[in-house]
Amino acid sequence: MAIKLDDINTWGTIATFVGLGISILTLLVANNVRKVTQRLQNSIIFDKRVPGQLKAISLLLSDFNILLNNTSANVNQIKSLLALLKSEILSLSIKITDKRTKQLIINTVKRIDGDINKSFIIEDRNAHLFRKAYNLLFTVSEDDYWKSYTAVGEIHRAIDNLYKDKKATVTP
Amino acid sequence: MIEESEIVKAISLINKLTKQGKLAWKINRNPINVSLSGDEKLNGYTYETIYNDQNLRLFKFNSTFYSEYDTWEVSSHHRLSFTESNGTSLWDFPLGREVDDLYETVRFKTSNVESFFDKLNLNTDEDDFPF
């Protein structure tokens, strides 16, 4: 039986398309496997590292609370402590997938950067409008430190809840 | 439904007002109707205040967690509650580290540590050191 050249061309084209289809499918599956592996890896890192980091943040916040007993006398210590808090929450952010908590971390890091870089002043409520505007832009007050303390507290509680929810799902 | 972040903010505000002396707490040495359940036991006094026409009570308690028949663990927590004027608990804030910090602040403020150190007047030149 003679094989026509046209038939070979047709089958060759079909085989090429089938091969292409299989390649694309394999690529998609591989990509999905990579994502699942990454998610599992993050999940394991989250379980192993987060409790320790939450404990560290909690201790730093307790120290922060004590320093706020006399803010103006403890400005340098507060700034050092804020730097430590910043590195802890930044380290946490890469292990978190929850978008809301991630955004909260980004906003808080910006706030902490401002607190560290600006100089501290005791707020004068009777200050002139221009003075108030200057202070708002270039200085930090005790209220700003309280806002940072509260924001980090929110992050701590949010991640603590994520961890507890995850544990409850895995081990009923 | 109250969001967790609102709870954190509320407790933080109460903490700030307490530190700034805008919210004063009283020690209650003979508390009644304290909201405790099961193996929970009051540890120390309770502290009470009124904020925005709402009675608040703060206290420390120990709770025992039995992991097995003869194995248990005692841990301390702090509870912040809305109460009626007769001390009956209406609602408890969720447990959390913010309440622990608030308790530390309230204890510091009600123990008059600041006035004690002010009276010692230790912040003087070395030559004037009192001893």
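**Exercise 1.** In this predicted model, determine which residue of β2(B) stands opposite N28(B), and how many bridges join β1(B) to β2(B).

*Solution.* Begin with the residue itself: N28(B) faces T46(B), which belongs to β2(B). Next, consider the two strands as a whole. β1(B) and β2(B) run antiparallel and are joined by three bridges.

**Exercise 2.** Describe how β2(B) is linked to β3(B), and state how many residues lie between them in the hairpin.

*Solution.* First, count the bridges: nine of them connect β2(B) with β3(B), and the two strands run antiparallel. One bridge pairs Y47(B) with L58(B) of β3(B). Then examine the connection. The two strands form a hairpin with two residues between them. In the turn, N52(B) has a positive phi of about 50°.

**Exercise 3.** Identify the bridge partner of F82(B) in β5(B), and give the sense in which β4(B) and β5(B) pair.

*Solution.* The partner of F82(B) is W91(B). Strand β4(B), residues 71-83, pairs with β5(B) in the antiparallel sense over three bridges.

**Exercise 4.** Establish the order of the five strands in the open sheet of chain B, and explain why one side of β1 and of β5 is left without a neighbour.

*Solution.* The order is β1-β2-β3-β4-β5, with antiparallel pairing. β1 (26-28) and β5 (89-92) of chain B stand at the edges and each has a single partner strand, so one side of each lacks a neighbour in the sheet. On average, neighbouring strands of this sheet are turned by 35° against each other, direction ignored.

**Exercise 5.** State which strands helix α2 of chain B touches.

*Solution.* Helix α2(B), residues 97-110, packs on the sheet and touches β1, β2, β3 and β4 of chain B. The direction of the helix makes about 70° with that of β4(B).

Definitions and conventions: Residues numbered from 1 in each chain as written. Chains lettered and ligands numbered in written order. Predicted model: local features only at pLDDT ≥ 70, side-chain atom pairs only at ≥ 80, totals over all residues. Pairing = 2+ DSSP bridges. Helix = DSSP H or I, 4+ residues; strand = E, 2+ residues; numbered from the N terminus. Axes fitted to C-alpha atoms, helices over the stretch in contact; angles between N-to-C directions. Contact = placed C-beta atoms within 7 Å.
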